[in-house]
Amino acid sequence: EEANNNTESPYISSILPGWFSEISPLWPGEAHSLKVEKILFQGKSDYQNVMVFQSSTYGKVLSLDGVIQLTERDECAYQEMITHLPLCSIPNPRKVLVIGGGDGGVLREVSRHSSVEQIDICEIDKMVIDVSKQFFPNVAIGYEDPRVKLHVGDGVAFLKNVPEGTYDAVIVDSSDPIGPAQELFEKPFFESVARALRRGGVVCTQAESIWLHMHIIEDIVANCRQIFKGSVNYAWTTVPTYPSGVIGFMVCSTEGPAVDFKNPINPIDVDDSHTKTRGPLKFYNSEIHSASFCLPSFAKRVIESK
Ligand code: SAM
């Protein structure tokens, strides 16, 4: 039965039977593969193909349109960094907005911050939320925090209706710029993020790989420099199951009280009140926070020249 399941998915490699191969025009000429133990879920939502499988070495895996979104083994490296880079850089974050992030992992991380009073999330695809609750309880646990308010809809439309200056921090945990997330990489979207932030507020957005997407990153940086008048920075982390093994973030602030992202002033308590239910941080610490802004020379040249 398992073998049948495995051959039924269009994302199972015909070259490596029983393996998931991540093929996309966003990384032509390469395809990272994971051995599939069992396909656990396949569905088609209004927006994308949703699939969950048990891999043999990374635990359960969630993919959207054949692109890996998270695995149980390495999701900490992404969720902790995209969340704590912005939130540990400002004193007492109170209101936080998450765009995308339907799996709930960013919510889990935001909720470690005791100063936070309100956590809004706008995810476009209800199927991602339901699937995460069913198959990734340690990620979807983020939804159990009473400060979380879920909005199912398009993040672009949601932001247009947010009153100016509402949030201390916006975290954009999006998929890649093909499909429903395309607009989340465009200038008008960044403008509405800036509008939604208070003075000296911070944003952290998923910003692709320095090995694969320098052309996309260049455009994002150029846009952000025009829009975010506080500071504009690129940080990165390692996520073994993302294409090229690394992923970056645009970490910016609006005009107002200066934010020195490279020196976190709001270190997260090791004994935060949620360690009991969510477990301790696995990846993030203050040293890796500062280090994540150090760039290889080839990327530094491009990013600083924009
Ligand atoms: N948190 C994950 C991880 O650990 O790597 C990764 C990505 S998360 C699943 C990306 C989410 O962004 C998807 O659930 C997708 O449906 C959502 N998304 C894409 N476009 C969107 C949009 N325009 N508005 C809101 N959510 C969107």
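Is Asp173 buried or exposed in this structure, and what is its relative accessibility? In this predicted model, Asp173 has a relative accessibility of 9% and therefore counts as buried, since the cut-off for that label is under 20%. This residue makes a good place to begin, as the UniProt record, in an unreviewed entry, lists Asp173 under "active site".

Before going further, it helps to see how confident the predictor is. The chain has an average pLDDT of 94, and 96% of the residues reach a score of at least 70. Residues 1-7 are a stretch where pLDDT stays under 50. For residues 1-7, the model has 11 contacts beyond four places in sequence. For the complex, the predictor reports an ipTM of 0.95 together with a pTM of 0.95.

The same UniProt record type, again an unreviewed entry, lists residues 17-254 as "domain: PABS". Within residues 17-254, helix makes up 26% and strand 34%. The C-alpha atoms at the two ends of this span are 50 Å apart.

Now back to Asp173, which belongs to strand 9, a run covering residues 167-173. Setting aside residues up to four places away in sequence, Asp173 touches Tyr78, Gln79, Ile82, Ile99, Gly100, Gly101, Asp103 and Val106. With one of these, Tyr78, the contact can be described in finer detail: the side chains of Asp173 and Tyr78 are joined by a polar contact of 2.6 Å.

Strand 9 takes its place in an open sheet of 7 strands, whose order is 8-7-6-9-10-12-11 and whose pairing is mixed. At the edges of this sheet are strand 8 and strand 11 (231-238), each of which pairs on one side only. Neighbouring strands here are turned against each other by 15° on average, with direction ignored. A helpful general point is that strands of a sheet pair through backbone hydrogen bonds, in either a parallel or an antiparallel fashion. The parallel kind can be followed between strand 6 (residues 95-100) and strand 7, which pair over 5 bridges. One position to look for is Val96, whose bridge partner in strand 7 is Ile119.

A further open sheet is built from 5 strands in the order 1-2-3-4-5, with antiparallel pairing. Strand 1 (19-21) and strand 5 (67-71) are at its edges, and each has a single partner strand, so one side of each lacks a neighbour in the sheet. From one strand to the next, the twist averages 40°.

This sheet can be walked through pair by pair. Strand 1 and strand 2 run antiparallel and pair over 3 bridges, with Ser33 in strand 2 as the bridge partner of Ser21. Next, strand 2 and strand 3 are antiparallel and joined by 7 bridges. A hairpin of 4 residues links strand 2 to strand 3, and Lys44 has Asn49 in strand 3 as its bridge partner. Strand 4 and strand 5 pair in the antiparallel sense over 4 bridges, and here Leu64 is matched with Val67 in strand 5. Helix 4 packs on this sheet, where it touches strand 2, strand 3 and strand 4. The direction of helix 4 makes about 125° with that of strand 2.

Helix 4 (residues 126-135) deserves a look of its own. The N-terminal end of helix 4 is capped by Asp125, with a side-chain oxygen 3.0 Å from the backbone nitrogen of Met127. The buried residues of helix 4 are Val128, Ile129, Val131, Ser132 and Phe135. Their packing partners include strand 2 (33-44), strand 3 (49-55) and strand 4 (60-64), and also strand 7 (118-123) and strand 8 (148-152). Helix 4 therefore has buried residues packing against strands 2, 3 and 4 of the 5-strand sheet and against strands 7 and 8 of the 7-strand sheet. Helix 5 (137-140) is also among the elements that these buried residues pack against.Among the buried residues of helix 4 is Ser132, which counts as buried because its relative accessibility is 1%. Leaving out neighbours within four places in sequence, Ser132 is in contact with Gly102, Asp103, Pro137, Val139 and Ala140. Asp103 appears in this list, and Asp103 is also one of the residues that Asp173 touches.

Methods
Residues numbered from 1 in each chain as written. Predicted model: local features only at pLDDT ≥ 70, side-chain atom pairs only at ≥ 80, totals over all residues. Heavy atoms only, no water. UniProt positions renumbered as here; feature names shortened; annotations may be inferred. Buried < 20%, exposed > 50% of the residue type's maximum accessible area, 1.4 Å probe, protein only. Contact = heavy atoms within 4.5 Å. Polar contact = N/O pair within 3.5 Å; in protein donor to acceptor, adjacent residues only side chain to side chain. pLDDT = per-residue confidence, 0-100. Pairing = 2+ DSSP bridges. Axes fitted to C-alpha atoms, helices over the stretch in contact; angles between N-to-C directions.
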